[in-house]
Amino acid sequence: MIGEPPNGPEWTRTRGSIFGAGGPPALFSGERRALRCLRDLLIKFRIHPLGFAGVAALFLAQLTAAKAASVTFKLADGKDQPVADAVVSLIPLDVPAKVVPPAAPLEIVQRGEEFSPYVTALVVGTSVSFPNRDTVQHHVYSLSKPKKFELPLYAGEAKAPVLFDQPGIVALGCNIHDWMAAYVVVLATPWFGRTAADGTATVAEVPPGRYRAEVWHPRLAKTQSREVTVTADAAAAPLAFSLALKADRRLHRSNAKSGLYN
Ligand SMILES: [Cu+2]
């Protein structure tokens, strides 16, 4: 080796020019250690600083993604009974919501002279096919503003899926069987769910932030909502809603008078 070996680590040699002969103030000792450790790592593993920056960016992105939270809604009626078939959603207040409709159409089946499912939640731009699995014909229609349509009497597959391209509530009926009813809730947010028999629905992968939490149900006079702040806290309590539901006026097939076509 030519010349003298360096007098201690590079940091020690350069610090004099920054802080003078007295060295850095004690306040910086922790940072100094961290920087030295980082530099040693870069040298030891022959990591190019740009490569290191890339790895750090990936790590940070992972950290941010992992921060998304699950939000559970818990719905009960005035008698504290669970409310099923409600659509819950979270509408972001600080960033625009982007929705990506599924590539393949969803299905609302006609079986046993009923629609199934009774309530479907989907995002704007989603198509739905209406296969008839009964031996009798059905005549599916909607008079609702976000999507008016009619599928005249048919059996088997309907001619083409129906595209739901406006947000809102779409009520479905059958011209032949008065008791047949179903709802499509068209949403402009990707964060939504439908409550199960126990009155709960969990919305996954919600980034932290401010949202308007909305609840819709066929027997609610109007959509319920309130502002919530989602944090990455895994132990967050469920969002509880107590709903004043109108009387259930649904016709049921067993109670409905049989029509000529039944
Ligand atoms: Cu029908």
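**Notes on strand S2 and the nonpolar core**

1. A good place to start is Val-87, whose bridge partner in strand S13 is Arg-194. Please keep in mind while reading that this is a predicted model.

2. That pair belongs to a wider arrangement. Strand S2, residues 87-92, and strand S13, residues 192-194, run antiparallel and are joined by 3 bridges.

3. Strand S2 also pairs with strand S15, residues 209-216; here 6 bridges connect the two, again in an antiparallel sense. Which residue of S15 stands opposite Val-87? In that strand the residue is Trp-216, so to speak the counterpart of Arg-194 in S13.

4. Val-87 and Trp-216 turn up together once more, this time around Val-185. Setting aside neighbours within four places in sequence, Val-185 has contacts with Val-87 and Trp-216, and also with Val-119, Ala-121 and Ile-169.

5. Now to the core. The largest nonpolar core holds 38 residues, and the members touching the most others are Val-88, Val-184 and Val-185. Which strand gives the most to this core? Strand S12, residues 181-187, does, with 6 residues.

6. For the overall picture, the protein has 3 helices and 17 strands. With a total of 262 residues, 20% count as buried.

7. One last figure you may like to have at hand concerns contacts with a separation of 6 or more: in this protein, 65% of them are between residues 24 or more positions apart. The contact between Val-185 and Val-87 is a handy one to look up in the viewer.

Methods:
Residues numbered from 1 in each chain as written. Predicted model: local features only at pLDDT ≥ 70, side-chain atom pairs only at ≥ 80, totals over all residues. Helix = DSSP H or I, 4+ residues; strand = E, 2+ residues; numbered from the N terminus. Buried ≥ 20, exposed ≤ 12 C-beta atoms within 10 Å, placed from the backbone. Contact = placed C-beta atoms within 7 Å. Pairing = 2+ DSSP bridges. Core = buried A, V, L, I, M, F, W, Y, C linked by C-beta atoms within 7 Å.
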